[in-house]
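User: Could you take me through the sheet in this structure, piece by piece? I'd like to know how its strands are arranged and what packs on them.

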Amino acid sequence: MAKIAEAATRVSITAKQLEHIRNPASWERAVELWGDAKTLHDMLAYGHQHLHDRTPEKGWLQEYRQPVPGHGVRQHDSAQVLKQAGREVVTNTTEYKAGGVTIAKGQEQLAKERALLSSGTTRDVSEYIVRAARPPAVEVMREARKLEKEFPGRFKVIELSESEFRRYLDAGRPIAHAKAVERLGHLIEKVRSAPELQVAPRALERFAEEIEKAKERGAPIGLEVLVGSRLELANLVEVDKQITRERDKIAREGAQLRLKESQIVERVQAQQREDRQRALLDRLATVDREIVVSAVSTARDMVPVKMLGRQPDPPGLDPTAAAIHRSMTESARVIVRKEVEARQRDALARLELPSEVHRAVAEVVLARQLDHPDKVVTVDRVVEAEGVVRAREEREQRQAREVEAREARERENRERMARLVADHNRQLERVALEQGKARGVDRMEDLHRERSSQELAQALQLDPDRLVERGIDAQVVDALAHTPVRTDESGRAFVVELGDRTCYVDRESREVALAKQIRSVESGRDLGQTHSEQMIARGKVAPGVALSREERERKQEALERQRELVRERTPEQGKSRSRENPGRDIGRGIDRGR
């Protein structure tokens, strides 16, 4: 911010422009306000050459310096140089003007162009490409137009529209970025070769060598030493990260880069720091795996219990007795296995490990090695266990995200439902007051009308908590009540578009009934009719909201199966017993009729 304020004071820009710099709407706008026309110029030049296939293979060179008799040297932005009869011939040249240029410099460049064209040193065409929206000064453009008239067909002023200009910028941006990285690469390489940044890599490499040598001697490094060394190595990796960041910053500031160049170098440095950190952590993972191997081996040594092997059936047993023997043996094996597993887990819990991740991996390895007590624990088994733990963590994180998303949806639905119901109930009160007004004809009728309107309004009032508990989607209800909807091909469901999702809502669902009530009340319809319709709708059951036509049909089929089961389990009601036996109880009925 201090640099921004200093630059603003130096170029006397307005407060509004300063705010644009702090929060640029686009990178190009920030470049223009900062006055870094060179970067914009390079992007235009690289993009124009790329899209027109002006490659070195075809003789096109960047920033080519051409001698001009009596005028020194003319440096072209790009020039096509061909070799003929053993000498270089400049056939075409291009000058790019992405923004402003001083009057003196612009006129000097054009004077040199006139000399080159007059002498034939530039053999064919000299292009002068300008941005129409921001051309050079009037004096410079006047001189360029004059040259165009003096050398028709050989000096061309090409004005780019904004769409053309942006197309060339888009094409040239990645090329300019790559060129800047290539040009400033020495800053990055110099930082990476500093002696301080060799400490952590060498320490990790040497300790890994010590681990292998100890294995070869048959005396692996103990768990306590591994854990202590791992802590020191992790500290070295963290220090390496901090030193690298500080040295990168010092290198950028010392190079006195332009704004965009500094941004480019900073991005490259950040990516390289990330790659470096990942490589160091991969080396540290070698130590982590050795810690797990040592921990599992120690826990197994602390619980020297042999597993029961599968015993053959004693001779002379009949098939039934043999089956009983095998069942008892297997039960004993299961009991012993559980006991050993519990004791080994307890032993592992008493060991000091760097993190809970190490412990989780070790527990997986222990459980997998339980059926193979004679096999040595290897690093390969640890790598497999890491995959198991990683998959479990990802699954737990995914479940946590799903729970969080569901809670967010439920919270949003509850808040939306509260607003929707509050608006509806207020409207309902207004309609009840309007429909319950006295008409002055019959006082008793007026009292009855007022009481009836209030009772109907009370019956039609909605409770947002109960609606949410029933799983009603407030957004769907709002859309059905206040936006046009269409029906699907079957005509039995409404199709509701809700931003990024499409819902199929059954015509007899609670959502549709609720939306009808809201529309009726908002239109001022008679509350008695609205109440009657709602009472009819409450007797119907529909699958509600689905995210696809197929899902709605599946819900409908499941609902039909549920109805069928209810009908089968519920005895038929209301059937006259006289239909089953017409002669039965006729007399009794006649007697009652009397």
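**The sheet up close**

Analyst: Let's start with one pair: strand β2 (residues 72–84) and strand β3 (residues 87–97) pair in the antiparallel sense, over seven bridges. Within this pair, L82 stands opposite V89 in β3. A quick word on terms: two strands count as paired if DSSP finds at least two bridges between them. Strands are DSSP runs of E with at least two residues, helices are runs of H or I with at least four, and both are numbered from the N terminus.

Before we go on, this is a predicted model, where local features need pLDDT of at least 70, side-chain atom pairs count only at pLDDT 80 or more, and totals for chains, interfaces and linings use all residues. Residues are numbered from 1 along each chain as its sequence is written, and side-chain values use heavy atoms, leaving out hydrogens and water.

Now zoom out. The pair belongs to an open sheet of five strands, in the order β1-β2-β3-β4-β5, with mixed pairing. At the edges sit β1 (60–68) and β5 (155–160), each pairing on one side only. From one strand to the next, the twist averages 40 degrees. Angles here run from 0 to 180 degrees between N-to-C directions, with axes fitted to C-alpha atoms (for helices, over the stretch in contact).

Next, the helices. Helix α5 (residues 103–119) packs on the sheet and touches β1, β2, β3, β4 (122–131) and β5; contact means heavy atoms within 4.5 Å. The direction of α5 makes about 35 degrees with that of β2. Helix α6 (residues 138–150) lies across β4 and β5, and runs at about 130 degrees to β5.
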